Amino acid sequence: MDSLVSTDWLAKHLGEPDLVVVDSSWHMPASGRKAREEYVAAHIPGARFLDIDEVSDTSHPAPHMLPSAAEFGAAMERLGVSRSDRIVVYDNSPTRTAARGWFMLRHFGAELVAILNGGFQRWTAERLPVESGEAPPRNATFKAIERDEVVDKQQLLGGIAIPWLDARGKPRFEGTESDPRPGVAPGHAPGARNLPFGTLYREDGTFRSPDEVRQLFAEAGVDPMRPFVASCGSGVTANSLIFAAHLLGNDDTRLYDGSWSEWGADPATPKVLGPA
């Protein structure tokens with residue numbers, strides 16, 4: 001199974017016993033949209049809902065931080081997802097949160113994880129079947145491990161010898177637009193470059209071609225085939241940058257999970273306004 005699958009591919013394989021579909025939709029709080037309610041109303045047949053806020057370290061002040069491996073594994077077993085399954089993740093969100101679901105599943109040990117190209121937006125545009133309600137119970141085993149691919153604030157403050165790529169939009173990165181979270185300063189970290197996650201997608205939600213992705217990284221001043229740290233507002237959209245590098249063949253990337261919601265809220269961290 002490729003890491004990016006088409007709606008045609010999923011429609012043909014839907015219902016196979018080792019194939020699990022996961023809806024990892026999430027919306028910014030100010031949007032007024034409720035991802036779980038939308039999932040219950042309509043989703044790809046058999047899909048299970050991964051709640052990014054719920055499956056997180058709720059003790060951390062930053063939003064939806066990664067949970068422990070044990071907590072994630074238990075949550076996946078309750079959801080009916082096994083580590084050995086073929087897993088296809090999709091979303092119905094302008095923030096393209098399937099990439100966060102993809103990252104979480106791989107980070108905790110799943111090997112066969114793909115994103116549905118175009119997500120629910122493309123699925124419904126093609127008038128493919130949907131259903132409502134909750135998914136039925138499914139026996140699952142997910143003995144989670146944790147990959148070494150996340151960095152924290154202290155590591156970054158101590159200095160890290162790879163580029164830092166910020167996935168937020170240009171106005172938030174440059175500080176001309178206020179952060180949507182109260183108490184979070186504007187701007188970006190010294191030395192960070194900017195590649196807004198949304199530029200990686202076409203209007204229909206599908207990924208741009210490999211050549212287009214390479215060009216976007218080049219314009220941001222970062223080589224997508226070399227190690228880099230990705231961050232964003234709260235550790236969600238940064239995963240689109242990580243997934244894009246993965247599609248090009250680079251898995252030597254790192255996620256700053258706390259992202260700007262942690263860095264920008266700390267008065268002691270250095271911050272810069274203006275272009276990179």
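D166 is buried, with a relative accessibility of just 2%, where buried means under 20% relative accessible area, exposed over 50% and partly exposed in between, using a 1.4 Å probe and protein chains only. Its partner is R168, buried as well at 3%. The two side chains meet in a salt bridge, 2.9 Å from N to O; by that term I mean a side-chain nitrogen of Lys or Arg within 4 Å of a carboxyl oxygen of Asp or Glu.

A quick word on the model, everyone: it is predicted, so local features need pLDDT of at least 70 and side-chain atom pairs count only at pLDDT 80 or more, while totals for chains, interfaces and linings use all residues. Residues are numbered from 1 along each chain as its sequence is written, and side-chain values use heavy atoms, with hydrogens and water left out.

So, how many salt bridges does a search of the whole structure find? The count is 18.

Let me show you another: R86 pairs with D18, with 2.8 Å between the closest N and O atoms. This pair links distant parts of the chain, 68 residues apart: R86 sits in strand β4 (residues 86-90), and D18 in the loop between α1 (7-13) and β2 (19-23). Helices here are DSSP runs of H or I with at least four residues, strands are E runs of at least two, and both are numbered from the N terminus. R86 is buried at 15%, whereas D18 is partly exposed at 34%. Add E16, and you have a network of salt bridges linking E16, D18 and R86.

Last one, friends: R122 and E126 form a salt bridge at 3.2 Å between the closest N and O atoms. R122 is partly exposed at 29%, and E126 is partly exposed at 34%.
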